[in-house]
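Here's a quick tour for anyone opening this model for the first time. Have a look at it, and then we'll walk through a few parts together.

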Amino acid sequence: MRNILTVAGKGKLAMDKWVVHRSVFLLFIGISLAFQNSVNPDGKHFDSLPTCQNNNNISSSSSSYMRERIVELANDPHTVDWMKKIRRQIHENPELAFEEFETSKLIRQQLDQMGISYRWPVARTGVVATLGSGSSPFVALRADMDALPIQEMAQWGHKSKVDGKMHACGHDAHSAMLLGAARILKQLQDTLQGTVVLIFQPAEEQGQGGREMIAEGVLDNVDAIFGLHTVHRYPTGVVASRPGEFLAGCGSFRAKIIGKGGHAAIPQDSIDPILAASSAVISLQNIVSREIDPIDSQVVSVAMIHGGTAFNVIPEFATIEGTFRAFSRKSFDALRERIKEVIESQAAVYRCSCEINFTGTEHPTIPPTVNDARIYEHVRRVSIDILGEGNVQLAPSFMGSEDFAFYLENVPGSFLFLGIRNERIGSIYQPHSPYFTIDEDVFPIGASIYAAFAHSYLSKSTRILNSFD
């Protein structure tokens, strides 16, 4: 009897537990249905949510694999040696703005060998290559090709073979790294979810190449663009950029102040343009120091003064030339207008007339380089994935300028500084120095960031587009 009662008691207890569990389960279902109706009154199901989460996990895993694959390809010894060889060939045969015929020829030869189609000539000597699906979305990568009129003083096995010309700003390296990215992306072509546009641009140093490339349609259909520049401010393995205003706009001016010549011993019979020019130079310095908000960094510098041919003759005219810089287009345009007003006013005070030119072909106006915040963030994340967060820095704004700014006025994009400082090999000199040297160990880094940015941007853009389907 005790055993039977015990069993019966256990059976009753089990039945009670089952009832409780069933009640809780039904209550849970009721709450779930009520919540679903409250947030989804049309009765649509959320069955896709777990699938979406799985897709995100798959996408993350795929992105990680692709990043590792890109880095692996960039660091392949054959690819590294190949990039060095190309860079050294370009370095030994420097060509100035719009004279990059041999450089362009070498780039086209490499593209031909890789089976990458291109358009040439663009902006006289430029090359524009494409690879991928041939359809949207389109993303562009840009490198410059031109050298500087500088006599190379650095002593190494591949110094310039052309007197008075030198790659003293790293454009030879930029072109080699972009070719490296092309080689990587070609090997991954079947995974490209869109089209990559490779821009090999002439005449950056004159500030004209980018504008001419744009005029010839290189940005047609392009959704975003990325470019980089080697710098000695950061060591090899470190990159830096910033969202928004990054590099200053650069303008130049030349003012011819016209008076009336005469003997210096009889100044009352002359109208002295030297005096007017001197006053203009002093007054121009007051613009930044007394009229501009100190927080809004700007520069006005007069760097050239010419006037007269003899110590005792007041000349007919004098000229002053200089540069001005600002970080926003609004400040840049206002500064240019104020420079004009000051020179004209000072010339008038001293009874002179003047002619002011802001659009000389030698030093054309370059707008500020303003990084798109969204593209900057994409570049930053790509760089962190490749180099680690500690090696990706927030750069300050710089007064230097870059004609990459012309691209950024037309499409969203971002510009990156690629560190090359290495004291051990003498890679310590600033751009435009006759001792300028590059740490070639940076080549896999630059090539992989180029390639990873383009590949991931296309993949991300395609996912966003598909989410709207």
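## The nonpolar cores

Let's start on the inside of this predicted model. The largest nonpolar core takes in 67 residues, and the ones with the most contacts inside it are Leu 111, Leu 141, Val 196, Leu 198, Phe 200, Phe 226 and Tyr 450. The biggest contributor to this core is helix α11 (residues 443–467), which supplies 11 residues. Apart from this core lies another one, made of 31 residues, including Ile 214, Ile 225, Phe 246 and Leu 408.

What does Leu 141 touch, once residues up to four places away in sequence are left out? Its partners are Leu 178, Leu 185, Val 196, Val 197, Leu 198, Ile 199, Phe 226, Tyr 450, Phe 453 and Ala 454. Among them, Val 196, Leu 198, Phe 226 and Tyr 450 also show up in the list of residues with the most contacts inside the largest core.

## The chain as a whole

Stepping back, the protein chain has 11 helices and 16 strands. It runs to 469 residues, of which 46% count as buried.

How do the contacts spread along the sequence? Taking the contacts between residues at least 6 apart, 81% join residues at least 24 apart.

## Helix α3 and its two partners

Now for some helix pairs. Helix α3 (residues 77–92) and helix α4 (residues 101–114) have axes that come within 10 Å and cross at roughly 155°, so the two are roughly antiparallel to each other. The crossing is right-handed. On the α3 side, Trp 82, Ile 86, Gln 89 and Ile 90 do the touching, and they meet Thr 103, Leu 106, Gln 110 and Met 114 of α4. Sorted by type, the residues of this contact come out as five nonpolar, three polar and no charged.

Helix α3 also meets helix α5 (residues 171–187): their axes come within 8 Å and cross at roughly 145°. This crossing is right-handed too. From α3 the contact uses His 78, Thr 79, Trp 82, Met 83, Ile 86, Arg 87, Ile 90 and His 91, while α5 brings Asp 172, Ala 173, Ser 175, Ala 176, Met 177, Leu 179, Gly 180 and Arg 183. Here the split is eight nonpolar, five polar and three charged.

## Helix α4 meets α5

The third pair joins α4 with α5. Their axes come within 11 Å and cross at roughly 10°, which means α4 and α5 are roughly parallel to each other. Ile 107, Gln 110, Leu 111 and Met 114 of α4 are in contact here with Ser 175, Leu 179, Ala 182, Arg 183 and Lys 186 of α5. This set divides into five nonpolar, two polar and two charged residues.

Leu 111 may ring a bell, as it is one of the residues with the most contacts inside the largest core.

## A stop at Ser 301

Last on the tour is Ser 301, which sits in strand β10 (residues 298–307). Is Ser 301 buried, partly exposed or exposed? Its relative accessibility is 32%, so Ser 301 counts as partly exposed.

Setting aside neighbours within four places in sequence, Ser 301 is in contact with Phe 253, Glu 321, Gly 322 and Thr 323. As for Val 281, it is 20 residues from Ser 301 along the chain, and the C-alpha atoms of the two are separated by 8.8 Å.

Definitions and conventions: Residues are numbered from 1 along each chain as its sequence is written. This is a predicted model: local features need pLDDT of at least 70, side-chain atom pairs count only at pLDDT 80 or more; totals for chains, interfaces and linings use all residues. Side-chain values use heavy atoms; hydrogens and water are left out. Axes are lines fitted to C-alpha atoms, for helices over the stretch in contact, and angles run from 0 to 180 degrees between N-to-C directions. Helices (H or I, at least four residues) and strands (E, at least two) are DSSP runs, numbered from the N terminus. Angles under 35 degrees count as roughly parallel, over 145 as roughly antiparallel, 65 to 115 as roughly perpendicular and the rest as oblique. A crossing is left-handed if the near helix is turned anticlockwise from the far one by less than a right angle, and right-handed if clockwise. Contact means heavy atoms within 4.5 Å. Ala, Val, Leu, Ile, Met, Phe, Trp, Tyr, Cys and Pro count as nonpolar, Asp, Glu, Lys and Arg as charged, and the others, Gly among them, as polar. A nonpolar core is a set of buried Ala, Val, Leu, Ile, Met, Phe, Trp, Tyr and Cys residues joined through side-chain atoms within 4.5 Å. Buried means under 20% relative accessible area, exposed over 50%, partly exposed in between (1.4 Å probe, protein chains only).
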